[in-house]
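Hi,

Here is the structure I promised to pass on. Have a look at it first, and then read on for what turned up in it.

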Amino acid sequence: MGDRIRDRRLRRGWSIRHAASRAGVSHATWSRIERGLQAADNRFMLSDLAAALECSPADLAGTAVPAGDREAAAAHHAVYRIRQALVDLDLSAPARSVETAADVGLSTPPPLAELARTVASSVLRNLGHPADAWLGAERCRDAADATRDPVLQGYAAYARAGAANACGSFERGYTLAERAVDALRPHAARPGGAEMIGSLQLICAYASRGRRRPDDSRAWCAEAAALARQTGETTTLGLYFGPTNVDIWRIGIEADGDDPGRAARLAQDTDPARLPVGFRQVFYYSDTARALARLRGRDREAVRFLLTAERVAPQHVHTSPLVQETARALLDRSRRVAGGTELRAFCERLQIG
């Protein structure tokens, strides 16, 4: 990632001091990131660097896939077909051919179609294609508006806000989520209403941290936590809103903030096994690993969490640029001390030399 950052800066003809001033970071920090001496594994800092270089975070992160990971490679190869299905979709047409979008469920009637589009948007976002994720979220909104169901409309706003955040547009993501919370509050008693409000509050918390408003972020997290105590653990719309998921969101947000120790402390009191789905558990382990890697003397724990994340969801770990940056930083440090066999094997699987 440091190489991509340096390449874009040099193509602009900018000095490190000029680029760093645009990003709001010190020139020493920018220099360390370019030289690979500091991991660029912080989502919010990565967004600042991308904004300074007038590109998207995905442009800097890349979407490298280890050659041996066939399932991850297949997922990336399917992006084109998903994109085409989303572009070809026309809700105003009287009928749709099932073949066009069957693989992502885009030909099913609402609310299943709305759910499928949200899943498609989430998959595209996690694969490092935020612009395509936005397209999926827009289609999600079209389907939700056709149902006139306020909960599904909130779900569509959740998808759009998540895609906006992935593009580094935290102001847009926050506005979309905050408006959706206000619109959904009168319908909180509807099935799924409370869970959808809580999920949108978590999006607001994440976007607030991206807007450099940590106090607002923690206030939104507190609101979501209070609501989660009322709902308990849920499976509504595949969001799994509840106390455990709120804590996993908080760990991720704090891991990218200025206090990784807070994320590590939260992780100690969180049991990811309460969630039956690996896609949320993997964030618990990978985000905690990123936090631990930034704390003195916690490298061995960080490696253990990375290995657990890989067992839970190898495709996510193998394609995550943030995990790769953390692993690279840990590997560099391990070369200065004895040991590190497991870490070196892990880095080989990620093709990190």
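Let's start with the second largest pocket: 25 residues line it, and those nearest its centre are Q38, A39, N42, M45 and R294. Keep in mind that this is a predicted model. The volume of this second largest pocket comes to about 620 Å³.

Which helices help to build its lining? At least two residues each come from α4 (43-52), α13 (193-210) and α20 (321-334). α20 gives the largest share, with 4 residues. If you sort the lining of the second largest pocket by type, you get 11 charged, 8 nonpolar and 6 polar residues.

Now for the enclosed space. Searching the whole structure for cavities of 30 Å³ or more turns up 1. The largest cavity holds about 30 Å³ of space. Its lining is made of G36, Q38, A39, E325, R328, A329 and D332. Two of those names, Q38 and A39, should ring a bell, as they are also among the residues nearest the centre of the second largest pocket. By type, the cavity lining splits into 3 charged, 2 polar and 2 nonpolar residues. In case you wonder how anyone finds such spaces: rolling a probe the size of a water molecule over the atoms shows where empty space is left.

G36 also turns up in another place, just after helix α3, and its phi is positive, near 75°. α3 itself covers residues 27-34, and its buried residues are T29, W30, S31, I33 and E34. What do these buried residues pack against? Their partners are α1 (2-12), α2 (16-23) and α4. You met α4 above as one of the helices that supply the pocket lining.

Next, try helix α12, residues 170-184, which is a nice one for practising a bit of arithmetic. At 1.5 Å a residue, its 15 residues should span 21 Å, and the C-alpha atoms at its ends are indeed 21 Å apart, so the two values agree. Which of its residues are buried? They are F170, G173, Y174, L176, A177, A180, V181 and L184. Looking down the axis of α12, you'd see these buried residues fall within an arc of 165°, so they line one face of the helix. Turned away from that buried side is a face that carries the exposed residues R179 and A183. As for neighbours, the buried residues of α12 pack against α4, α10 (130-147), α11 (150-166), α13 and α14 (214-231).

To see one piece of that packing, pick A157, which sits in helix α11. Is A157 buried or exposed? Its relative accessible area is 11%, and buried means under 20%, so A157 is buried. Leaving aside neighbours within four places in sequence, A157 is in contact with L176, A180 and L200. L176 and A180 are both on the list of buried residues of α12. A157 can also be compared with G173: the two are 16 residues apart in sequence, and their C-alpha atoms are 9.1 Å apart in space.

Finally, the whole protein. It has 21 helices and 0 strands. Of its 353 residues, 52% are buried. Among contacts with a separation of 6 or more, 61% are between residues 24 or more positions apart.

Have fun with it!

Terms used. Residues are numbered from 1 along each chain as its sequence is written. This is a predicted model: local features need pLDDT of at least 70, side-chain atom pairs count only at pLDDT 80 or more; totals for chains, interfaces and linings use all residues. Side-chain values use heavy atoms; hydrogens and water are left out. On a 1 Å grid over the protein atoms alone, a cavity is a set of points where a 1.4 Å probe fits but cannot get out, and a pocket is an open set with protein on both sides within 12 Å along at least five of seven lines; lining residues have an atom within 4 Å of a point. Grid points are joined across faces, edges and corners, and a volume is the space filled by probe spheres set on the points. Ala, Val, Leu, Ile, Met, Phe, Trp, Tyr, Cys and Pro count as nonpolar, Asp, Glu, Lys and Arg as charged, and the others, Gly among them, as polar. The expected span of a helix is 1.5 Å times one less than its number of residues. Buried means under 20% relative accessible area, exposed over 50%, partly exposed in between (1.4 Å probe, protein chains only). The arc is that of the directions from the helix axis to the C-beta atoms. Contact means heavy atoms within 4.5 Å.
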